[in-house]
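Thank you all for coming. I would like to take a few minutes to walk through one model with you, so please have a look at it first.

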Amino acid sequence: MISRDHPRYHSLMQREKITDAWRKGILADSGMIAHGRGEAFDYLLGEETTEPARKAIKAAAAALILAENPVISVNGNTAALVPAEVVELAGEIGGKIEINLFHRTEKRVKLIEEVLREHGASEVLGTGKLMHIDGIMSPRATASPDGIYSADTVLVPLEDGDRTEILRKSGKTVITVDLNPLSRTSRMASISITDNIVRAVPALIDTVRELRDAPREELEGILRKFDNTENLRETIKLLDIRRYNPEIESSQE
Ligand code: ATP
Ligand code: MG
């Protein structure tokens, strides 16, 4: 049992969810390593939703509301940390949920489908036959015909850089959640949310609710004004570790 007043409570709870999911076979070994990398960036960003992340969440909410056919992609880490929130967000945007695994096994797909259904999902795509986006015969290009394959906007948390690039090249609006603002995924996406998925998805749900009844022009304006490269630049500035210890001096100063 982790005590609620432990200073690392939230971080330890996430670790417990991740290791539980790994023990159950929901998460591949590499999923635990990916979580560790995420933790390090989260620590440096102060374990809170930053201003640039807030901007990206607003743009992402606008894109998801404007989308004709939005799809949320779920992998092991997402299923381990925010299964209920993903189902709720899909409901809010009238979107579909698709399981997408790089280390795909039928068993893991089944387990993740069960987790999503336990949390209220009525339809889960990506469990049957898959197609290859733009005919690219790579496991990074697979998508369900009624889901990501035909989607105009996709939310792909913790996605791989190559797959993000394939999705982007196929003309889709690609929204990612990735704590590493330097990753290829963050750079390739249309909208990168540099925040922990445990904060980003609930914030997306709230923002979609706030913006849902806004006029179309306002939502289009939010999207037009959003510049992903500039937003990542602002986030990277926040990674300056000297703000935690002003006594650490930069060698350039
Ligand atoms: P890329 O291929 O985009 O360069 P990568 O190979 O460095 O990325 P992957 O292992 O493919 O990274 O993906 C894991 C990514 O997910 C990492 O960038 C990590 O920071 C991020 N990540 C891990 N856990 C979380 C989390 N809870 N919330 C948000 N992002 C996370
Ligand atoms: Mg990668």
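How do the residues of the shell around ligand 1 divide into nonpolar, polar and charged? They divide into seven nonpolar, eight polar and four charged, where Ala, Val, Leu, Ile, Met, Phe, Trp, Tyr, Cys and Pro count as nonpolar, Asp, Glu, Lys and Arg as charged, and the others, Gly among them, as polar.

Before going further, I should say that this is a predicted model, in which local features need pLDDT of at least 70 and side-chain atom pairs count only at pLDDT 80 or more, while totals for chains, interfaces and linings use all residues. Residues are numbered from 1 along each chain as its sequence is written, and chains are lettered from A and ligands numbered from 1 in the order in which they are written.

On confidence, the mean pLDDT of the protein chain, that is, the predictor's confidence in each residue from 0 to 100, is 95, and 96% of the residues reach 70 or more. For the complex, the predictor gives an ipTM of 0.95 and a pTM of 0.95.

The protein chain has eleven helices and seven strands, these being DSSP runs numbered from the N terminus, with helices (H or I) of at least four residues and strands (E) of at least two. The C-alpha trace spans about 55 × 50 × 35 Å along its principal axes.

Returning to the ligand, there are 19 residues around ligand 1, of which Gly38, Gly161, Asn180, Ser183 and Thr185 come nearest; a residue is near if its C-beta atom, placed from the backbone, lies within 6 Å. Helix H2 (29-44), helix H4 (76-81) and helix H8 (184-188) each supply at least two residues of that shell, and the largest share, five residues, comes from H2.

Finally, two residues deserve a look for their backbone angles. Asp134, in the loop between S3 and strand S4 (142-143), has a positive phi of about 50° although it is not a glycine, and Leu158, in the loop between strand S5 (153-155) and helix H7 (161-169), also has a positive phi, near 50°.

Which of these is buried and which exposed? Asp134 counts as exposed because 10 other C-beta atoms lie within 10 Å, whereas Leu158 is buried, with 24; the cut-offs are 20 or more other C-beta atoms within 10 Å for buried, 12 or fewer for exposed, and partly exposed in between, with C-beta atoms placed from the backbone.
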